[in-house]
Amino acid sequence: MKRAIGIFLTLSSLLTYLIVDMLYDPVKETITTTDMESGVTTVTVHYQYPLMFWVICFILIISFILGICFILAKEKLYEECSLCDTPEYTSIK
């Protein structure tokens, strides 16, 4: 059961990241500077994502790691034991 939940969390976080990456477009800032002595113009382009993009990415990273932990976790095998076979109950007659 843990493995199924882990696979679901891992795949859903990856697919959600792909969708969010397509929905949020970065804001493009262009800074142009010109050196007066040499006449060289430098254009610096800076892309900035909105804050909500980073919050969603943080949540998706946590769910991805949790899913990997669930996938790699070993399930405990419980031994069958009956309550009647304990020494307290077998000695009373």
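**A strand pair and two packed helices**

V43 touches T30, I31 and T32, when residues up to four places away in sequence are not counted. These contacts provide a starting point for a walk through the structure, which is a predicted model. V43 itself lies in strand β2. The C-alpha atoms of V43 and I31 are 5.7 Å apart, although 12 residues separate the two along the chain. Is V43 buried or exposed? With a relative accessible area of 51%, V43 is exposed, because exposed residues are those over 50%.

The contacts of V43 lead to the strand across from β2. T32, one of the residues that V43 touches, is found in strand β1. Leaving out residues up to four places away in sequence, T32 touches T41, T42 and V43. Between T32 and T42, which are 10 residues apart along the chain, the C-alpha separation is 5.7 Å. Strand β1 covers residues 27–34 and strand β2 covers residues 41–48. The two strands pair in the antiparallel sense, over 8 bridges.

One end of this pairing is marked by T34, which is also found in strand β1. Its bridge partner in β2 is T41. Beyond the residues up to four places away in sequence, T34 touches V40 and T41. T34 counts as partly exposed, at 44% relative accessibility. The hairpin of β1 and β2 has 6 residues between the strands, and in this hairpin G39 takes a positive phi near 80 degrees. Y47 is another residue of strand β2. Apart from residues up to four places away in sequence, Y47 touches P26, V27 and K28. From Y47 to D25, 22 residues away in sequence, the distance is 9.2 Å, C-alpha to C-alpha.

The strands can now be placed within the whole chain. The protein chain contains 3 helices and 2 strands, arranged from the N terminus on in the order α-β-β-α-α.

Helix α1, residues 2–23, comes before the strands in this order. At 1.5 Å a residue its 22 residues should span 32 Å, and its end C-alpha atoms are 31 Å apart, which agrees. Which residues of α1 are buried? They are G6, L9, T10, S13 and V20. These residues cover an arc of only 110 degrees around the axis, which puts them on the same side of α1. The spacing has a general background: an α-helix has 3.6 residues a turn, so residues three or four places apart point the same way. On the face of α1 turned away from the buried side are the exposed residues F8, L15, I19, M22 and L23.

The buried residues of α1 pack against α2, residues 51–72. Helix α2 also has 22 residues, and the 32 Å from its first C-alpha to its last is close to the 32 Å expected at 1.5 Å a residue. Its buried residues are F53, I56, C57, L60, S63 and G67. Seen down the axis of α2, these residues fall within an arc of 135 degrees, so they line one face of the helix. The packing is reciprocal, in that the buried residues of α2 pack against α1. The face of α2 turned away from its buried side carries the exposed residues L51, F58, I59 and L72.

Where the two helices pack, the nonpolar core can be considered. The largest nonpolar core has 5 residues, namely V20, F53, I56, C57 and L60. The largest share of this core, 4 residues, comes from α2, while V20 is among the buried residues of α1. One member of the core, I56, is in contact with V20 and Y24, leaving aside neighbours within four places in sequence.

Some totals complete the picture. Of the 93 residues of the protein chain, 12% count as buried. The accessible surface of the chain comes to about 8400 Å², and 69% of it belongs to carbon and sulfur atoms. Among contacts in the protein chain with a separation of 6 or more, 57% are between residues 24 or more positions apart.

Conventions. Residues numbered from 1 in each chain as written. Predicted model: local features only at pLDDT ≥ 70, side-chain atom pairs only at ≥ 80, totals over all residues. Heavy atoms only, no water. Expected span 1.5 Å × (residues − 1). Buried < 20%, exposed > 50% of the residue type's maximum accessible area, 1.4 Å probe, protein only. Arc of directions from axis to C-beta. Contact = heavy atoms within 4.5 Å. Areas by Shrake-Rupley, 256 points an atom, 1.4 Å probe, with all protein chains shown as cover. Pairing = 2+ DSSP bridges. Core = buried A, V, L, I, M, F, W, Y, C linked by side-chain atoms within 4.5 Å.
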